[in-house]
Amino acid sequence: MSLIKSKKRVADHGEVFTPAWLVDAMINLVKGEVDRIDSRFLESACGSGNFLIQILQRKLAAVELKFGKSEFEKQHYALLALMCTYGIELLADNITECRANMLAIFAGYLNLDESDELYRAASHVLSQNII
C-alpha cells in the first residue's frame with residue numbers, strides 16, 4: 001500500500017498512511033491490552049483502518065484461543081471484540097473503506113455472508129463506531 005493517495009490529499013488534509021511494519025511495532029507496545037477481547041481502542045485518525053484492522057485481527061486471535069471450540073461463544077466474543085474498536089476519520093471515502101476492511105476481517109473469521117444476521121449486526125456496529 002502506498003503511504004499517500006494523492007499529493008492533493010496530503011496538502012489539503014495532511015493525509016499520510018502509517019506503514020504496516022510501524023503499525024505492528026506500535027501495537028506490540030500495548031500487547032497486553034490488544035489480547036484482551038473487551039479492551040477498547042479509539043483511533044482518532046483511522047484512515048482506511050490500518051491500526052484498527054491489526055487490533056481486530058489480534059483480538060480475533062484471542063477469541064479463537066479462548067473460545068474457538070464453541071461456535072456460539074466464538075461468534076459473540078468476536079462481535080464484542082468488534083464493538084470495542086472505534087475510529088474517527090475526516091474523509092468519507094476513508095470511512096467507507098475502513099468499515100469495509102473491518103467487516104471483511106470479521107466476516108472472514110466467522111465465515112459469514114451478507115445474508116447472515118451476525119454480518120448485518122457487525123455492519124451496524126461499524127456504522128456507529130467508525131465515524
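In the predicted model, Asn129 counts as buried, because its relative accessibility is 12% and burial is assigned under 20%. Asn129 belongs to helix H7, which spans residues 117-129. A polar atom of the Asn129 side chain lies 3.2 Å from the backbone oxygen of Thr85. Thr85 is also among the residues that Asn129 touches when those up to four places away in sequence are not counted; the others are Leu82, Met83, Tyr86 and Gly87.

A second asparagine, Asn94, is found in helix H6 (residues 92-110). Asn94 is classed as buried because its relative accessible area is 0%. The side chain of Asn94 engages the side chain of Glu89 in a polar contact of 3.2 Å.

The protein chain as a whole contains seven helices and two strands. Read from the N terminus, these elements follow the order α-α-α-β-α-α-β-α-α. The chain has 131 residues, of which 40% are buried. Among contacts in the protein chain with a separation of 6 or more, 70% are between residues 24 or more positions apart. The area exposed by the protein chain is about 7500 Å², and 58% of that area is supplied by carbon and sulfur atoms.

Part of the nonpolar surface was assigned to a patch. Met26, Leu29 and Val30 form this nonpolar patch, and together they have about 300 Å² of accessible area. Met26 is located in helix H2, residues 20-28. With a relative accessibility of 40%, Met26 is partly exposed, so it passes the requirement of over 30% relative accessible area for patch residues.

Cysteine pairing was examined next. A disulfide is a covalent bond between the sulfur atoms of two cysteines. The count of disulfides in the model is zero. For Cys98, the closest cysteine sulfur is that of Cys46, at 4.1 Å; this is too far for a bond, because the two sulfur atoms of a disulfide must be within 2.5 Å. Cys98 is itself buried, its relative accessible area being 0%. Cys84 is likewise assigned as buried, since its relative accessible area is 4%.

Charged side chains were then considered. Side chains of opposite charge can pair when their charged atoms come close. Five salt bridges were counted in the model. One of them joins Arg58 and Asp24, whose closest N and O atoms are 2.4 Å apart. This pair links distant parts of the chain, with Arg58 in helix H4 (residues 50-67) and Asp24 in helix H2, 34 residues apart. The partners fall into separate accessibility classes: Arg58 is buried, at a relative accessible area of 15%, whereas Asp24 is partly exposed, at 31% relative accessibility. Helix H2 thus holds both Asp24 of this salt bridge and Met26 of the nonpolar patch.

Glu64 and Lys74 form another salt bridge through their side chains, with an N to O distance of 3.3 Å. Here too the pair links distant parts of the chain, placing Glu64 in helix H4 and Lys74 in helix H5 (residues 71-83), ten residues apart. Helix H4 therefore contributes Arg58 to a link with helix H2 and Glu64 to a link with helix H5. Glu64 is partly exposed, as its relative accessible area is 35%, while Lys74 is buried, with a relative accessible area of 12%.

A further salt bridge is formed by Glu33 and Arg36, with the closest N and O atoms 2.6 Å apart. Glu33 is partly exposed, with 37% relative accessible area, and Arg36 is partly exposed as well, with 36%. These two residues are part of a network of salt bridges that links Glu33, Arg36 and Asp38.

Key
Residues are numbered from 1 along each chain as its sequence is written. This is a predicted model: local features need pLDDT of at least 70, side-chain atom pairs count only at pLDDT 80 or more; totals for chains, interfaces and linings use all residues. Side-chain values use heavy atoms; hydrogens and water are left out. Patches are made of residues with over 30% relative accessible area and no salt bridge: like charges are joined within 9 Å, nonpolar side chains (Val, Leu, Ile, Met, Phe, Trp, Tyr) within 5 Å. Accessible areas come from the Shrake-Rupley method with a 1.4 Å probe; for residues, only the protein chains shown count as cover. A salt bridge is a side-chain nitrogen of Lys or Arg within 4 Å of a carboxyl oxygen of Asp or Glu. Helices (H or I, at least four residues) and strands (E, at least two) are DSSP runs, numbered from the N terminus. Buried means under 20% relative accessible area, exposed over 50%, partly exposed in between (1.4 Å probe, protein chains only). A polar contact is a pair of N or O atoms within 3.5 Å; within protein, one must be able to donate a hydrogen and the other to accept it, and residues adjacent in sequence count only if both atoms are side-chain atoms. Contact means heavy atoms within 4.5 Å.
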